[in-house]
Amino acid sequence: MIEFSNRVNAVEPAAPFVITNLVSELQEEGEDIIDLSVGQPDFETPEEILEATHEALDAGHTTYTPSDGIPKLRRAAAEYLNERHGLDYAPENIIATPGGKQALFETVMAIVDPGDEVIVFDPVWSSYEPMVKLAGGEAVHVDLAPYDFKLEPAIDDLAAAITDDTALIMLNSPVNPSGMVFSHAAFEGVRDLAVDHDLPVISDEIYKELIFEKDQPSLAALDGMFDRTITINGVSKTYSMTGYRLGFMAAPTDHTTQAGKVHSHSVSCASNFVQHAAAEALGNADTDAIAGEMKETFRRRSETLVDLFAERGVDIPEPESAFYAMIPIESDDDMQWCKDAVREAGVGLVPGQAFGTPGYVRASVVDTEDQIREAVDRLDAEGFI
Ligand SMILES: Cc1ncc(COP(=O)(O)O)c(C=O)c1O
């Protein structure tokens, strides 16, 4: 018999996949399900990036690469962050990872010791707490639900959550799952506390190109933050390349040196030809056009979703970015609610408990407006609204 570690016993499988798996099972059986549970854009990968992928394969880029990534990609990632997000990174500050998720994991493994506390903001992306637990740490939750998912009013709560055991703050904006974009003042509030308490901060900015209107700074660009920020980004969302599995961290070299050990001993390197494709995306693709089309589409669909629920008396905190929205529901068991919604209404949504906010479900507006209307009609007809 295999006896499993306390570490792995402390975590559950990613909850969004429970619903996504149920959706695909039922779809296999021929059921008509509108799947609003997945966290990826319903756009094709742009043609020029596909071409660069084919060219990289034809050129034989199928071997291992330097662990931190090919120079061309590290250069492109640094320039991309500097030009588009007002940052100041050199290629040495970049590690290319198989997905931004791996960059987050390596960072948590590099910083968190058993017994350490890590501050997260609820609703929180479903993998943050499990990563902390896998490192032996404990997540301390600052709840943004009472503030309509905004961070600025919760800065005092953040201050109160910091203890001598705090080792790290994990910040994500634009936020998966609420679609919120935190304000300048909120970023400055985090900065002030991080500097006062000498804490590192992960700033997960993977949805930054999909902000509808608001302006959001990059945390590492704020005074006092470069040396204590690990910026996470990648090509999954901006260029509709989720299956390529390519993300990166940008951080001071003392951090990349340490996280690089986790990286080289776990994945060795990101996939070679994928790195070439990502260099094309970050270095040469027309990011304004690609992300611009996506965010206009997502904005329209989000507005439609909010309006449809408003017509039925349900207020959704209005998303400001990306393709997510948190819908309040009347149920004590949002997982069961979501399973029932798939089976009875044929609509896939993710339970709020996956993000530390029971009483809500997350919708991804990754289907057409007609399908979104149909999904809301079905939920209404079956008594879910
Ligand atoms: C908040 C957040 N961070 C990071 C990621 C990681 O994305 P990837 O590993 O595809 O780069 C995701 C993906 O859903 C996410 O929602």
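Which residue of β12 is the bridge partner of Pro328? It's Tyr360. That little pairing is a handy way into this structure, which is a predicted model, so keep in mind that you're looking at a prediction.

**The small sheet**

Let's stay with those strands for a moment. β9 and β12 (residues 360-364) run antiparallel and are joined by five bridges. They belong to an open sheet of three strands, ordered β9-β12-β11, with antiparallel pairing. If you look for the edges of this sheet, you'll find β9 and β11 (350-351), each of which pairs on one side only.

**Two domains**

Now zoom out to the whole chain. The domain assignment splits the protein into domain 1 (6-44 + 288-381) and domain 2 (63-285). Notice that domain 1 is written as two stretches of the chain, 6-44 and 288-381. Between the centres of the two domains, taken over C-alpha atoms, there are 24 Å.

How many residues of domain 1 are in contact with domain 2? There are 32 of them, and they meet 33 residues of domain 2. On the side of domain 1 that touches domain 2, the elements that give two or more residues are α2 (15-28), α11 (287-311) and β9 (324-328). So β9, the strand we began with, turns up here too. The biggest giver on this side is α11, with seven residues. Sorted by class, this side of domain 1 has 19 nonpolar residues, seven polar ones and six charged ones.

**The seven-stranded sheet**

There's another open sheet to trace, this time with seven strands in the order β2-β8-β7-β6-β5-β3-β4 and with mixed pairing. Its edge strands are β2 (94-97) and β4 (138-143), and each pairs on one side only. From one strand to the next, the twist averages 20°.

Pick out β7 and β8 in the middle of that list: they run antiparallel, with four bridges joining them. One spot to look for is Ile232, which stands opposite Met249 in β8.

**Helix α5 and its neighbours**

Helix α5 lies across β2, β5, β6 (201-204), β7 and β8, and runs at about 40° to β8. There's a helix partner as well. Two packed helices are described by the angle between their axes and the distance between the axes. For α5 (residues 100-111) and α9 (residues 253-266), the angle is about 110° and the axes are 8 Å apart. The two helices are therefore roughly perpendicular to each other.

Which residues make this contact? From α5 come Glu106, Thr107, Met109 and Ala110, while α9 brings His255, Gln258, Ala259, Val262 and His263. By class, the contact has four nonpolar residues, four polar and one charged.

**Around the ligand**

The ligand has 13 residues around it, and the ones that come nearest are Gly99, Gly100, Lys101, Asn176 and Ser236. What classes make up this shell? Nine of its residues are polar, two are nonpolar and two are charged.

**Some backbone oddities**

Most residues other than glycine have a negative phi, and most peptide bonds are trans. With that in mind, have a look at these two cis bonds:

| Cis peptide bond | Omega |
|---|---|
| Asp122 to Pro123 | about 0° |
| Ser173 to Pro174 | near -10° |

Where do these prolines sit? Pro123 is in the loop between β3 (117-122) and α6 (128-134). Pro174 is in the loop between β5 (166-172) and α8 (184-196).

Then there's Arg245, which isn't a glycine but has a positive phi of about 60°. You can find Arg245 in the loop between β7 (229-234) and β8 (247-250), and those are the strands that four bridges join.

Note on methods
Residues numbered from 1 in each chain as written. Predicted model: local features only at pLDDT ≥ 70, side-chain atom pairs only at ≥ 80, totals over all residues. Domains from an automatic or database assignment. Contact = placed C-beta atoms within 7 Å. Nonpolar A, V, L, I, M, F, W, Y, C, P; charged D, E, K, R; others polar. Pairing = 2+ DSSP bridges. Near = placed C-beta within 6 Å. Axes fitted to C-alpha atoms, helices over the stretch in contact; angles between N-to-C directions. Parallel < 35°, antiparallel > 145°, perpendicular 65-115°, else oblique.
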